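Here's a walk through the packing of a protein model, with a look at rings, charges and cores. Have the viewer open as you read.

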Amino acid sequence: MTLPILYSLRHCPFAMRARLAIFKSKQAVELRDVKLTNKPAAMLIASQKGTVPILVVSQAQVIDESIDVMLWSLGKNDPDNLLLGHCKPHYSVKQQGNGIESESTIDTKQTYNCADLIAFIDVYDRQFKPCLERYKAAKRYHETNVNECREACEKFIEDLDKRLSEHDYIFGEYESLADIAILPFIRQFAKVERQWYVQSSYSSLKRWLDRYLQSAMFNKIMAQHPIWEEGSEVTVFCGG
């Protein structure tokens, strides 16, 4: 069987979120790590956009937006219910006669839908990401406005920390698409001024981020692979 082909770049946050979703969906793809300074012809034929991720499902179906790759993957299989976390049941045990019987109830406190998650992610893509790029550039080029750029990012970080102080994940007690979609960008934020971040008061955000960065899943999606060239051996990437 021919596998879908994922053109990827190890440290690109958009490619990272695509690999996270593929891992979570337990789908198998042929992974092709590329250099954007030397884009392979097959990748440009698949999508003239020329940026990663690009998922070639078939000749007739090419997906070149990271959020769409995530939705395609989880649309195929979503064992952790990342698109609709509020549907996860809570199990309780009750006594009935001489036996013990379990019953499940839906957690109504976590009431969001996929559209809510996508809208939330879109805010981070359109508003937080540009702030983050300015912050990274200010630090890299030793500009005088590093604090100002960081403070622009902190408006989003403060909201996340507040959410995560109330529950384990961004939208509630269960992990959702929003968590794995913005994770790569929060990781970047934490690395810009590492010492400042470590000493910051965002304890809930740091706990959330550390849990991901120390996970077997993150190690798997960040594994280094040879740069793909025409004729290279196939590298299969799939979830655990």
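In which helix do Phe 120 and Tyr 124 both lie, and how many residues apart are they? They share helix 4 (residues 114-140) and are four residues apart, about one turn of the helix. Helices here are DSSP runs of H or I with at least four residues, strands are runs of E with at least two, and both are numbered from the N terminus.

A bit of housekeeping. This is a predicted model, where local features need pLDDT of at least 70 and side-chain atom pairs count only at pLDDT 80 or more, while totals for chains, interfaces and linings use all residues. Residues are numbered from 1 along each chain as its sequence is written, and side-chain values use heavy atoms, with hydrogens and water left out.

**Rings**

Searching the whole structure turns up eleven aromatic pairs. A pair means rings of Phe, Tyr or Trp (its six-membered ring) with centres within 6.5 Å; planes under 30 degrees apart are stacked, over 60 edge-to-face, and the rest tilted. Phe 14 and Phe 185 make an edge-to-face pair, because their planes meet at 70° with the ring centres 5.1 Å apart. That pair links distant parts of the chain: Phe 14 belongs to helix 1 (residues 13-25) and Phe 185 to helix 6 (residues 177-192), 171 residues apart. Phe 120 and Tyr 124 form a tilted pair, at 5.0 Å centre to centre and 35° between the planes. Those two also join Phe 128, Phe 156 and Phe 171 in one aromatic cluster.

How do some of these side chains fare for exposure? Buried means under 20% relative accessible area, exposed means over 50%, and partly exposed is in between (1.4 Å probe, protein chains only).

| Residue | Relative accessible area | Class |
|---|---|---|
| Phe 14 | 27% | partly exposed |
| Phe 185 | 4% | buried |
| Phe 120 | 10% | buried |
| Tyr 124 | 5% | buried |
| Lys 136 | 17% | buried |

**Charges**

Lys 136 is another helix 4 residue. Leaving out residues up to four places away in sequence, Lys 136 touches Gln 188 and Val 192, where contact means heavy atoms within 4.5 Å.

Two other charged side chains sit over rings, meaning NZ of Lys or CZ of Arg is within 6 Å of the ring centre and within 35 degrees of the ring normal. Arg 211 has its charged end over Tyr 169, 4.8 Å from the ring centre, and Lys 220 lies over the face of Phe 237 at 5.5 Å.

**Cores**

In soluble globular proteins, nonpolar side chains tend to be buried together. A nonpolar core is a set of buried Ala, Val, Leu, Ile, Met, Phe, Trp, Tyr and Cys residues joined through side-chain atoms within 4.5 Å. The largest one has 60 residues, and Phe 128, Ile 186, Leu 205, Trp 208 and Ile 221 touch the most other members. Helix 6 gives the largest share, eleven residues. Beyond its neighbours up to four places away in sequence, Ile 186 touches Phe 128, Ile 157, Leu 160, Leu 205, Trp 208 and Leu 209. Apart from the largest core lies another of ten residues, including Ile 5, Cys 12, Val 56 and Trp 228.

Ile 67, in helix 3 (residues 66-76), is buried at 18%. Outside its neighbours within four places in sequence, Ile 67 contacts Arg 17, Ile 121 and Leu 177. Leu 177 is 110 residues from Ile 67 in sequence but 9.5 Å away, C-alpha to C-alpha.
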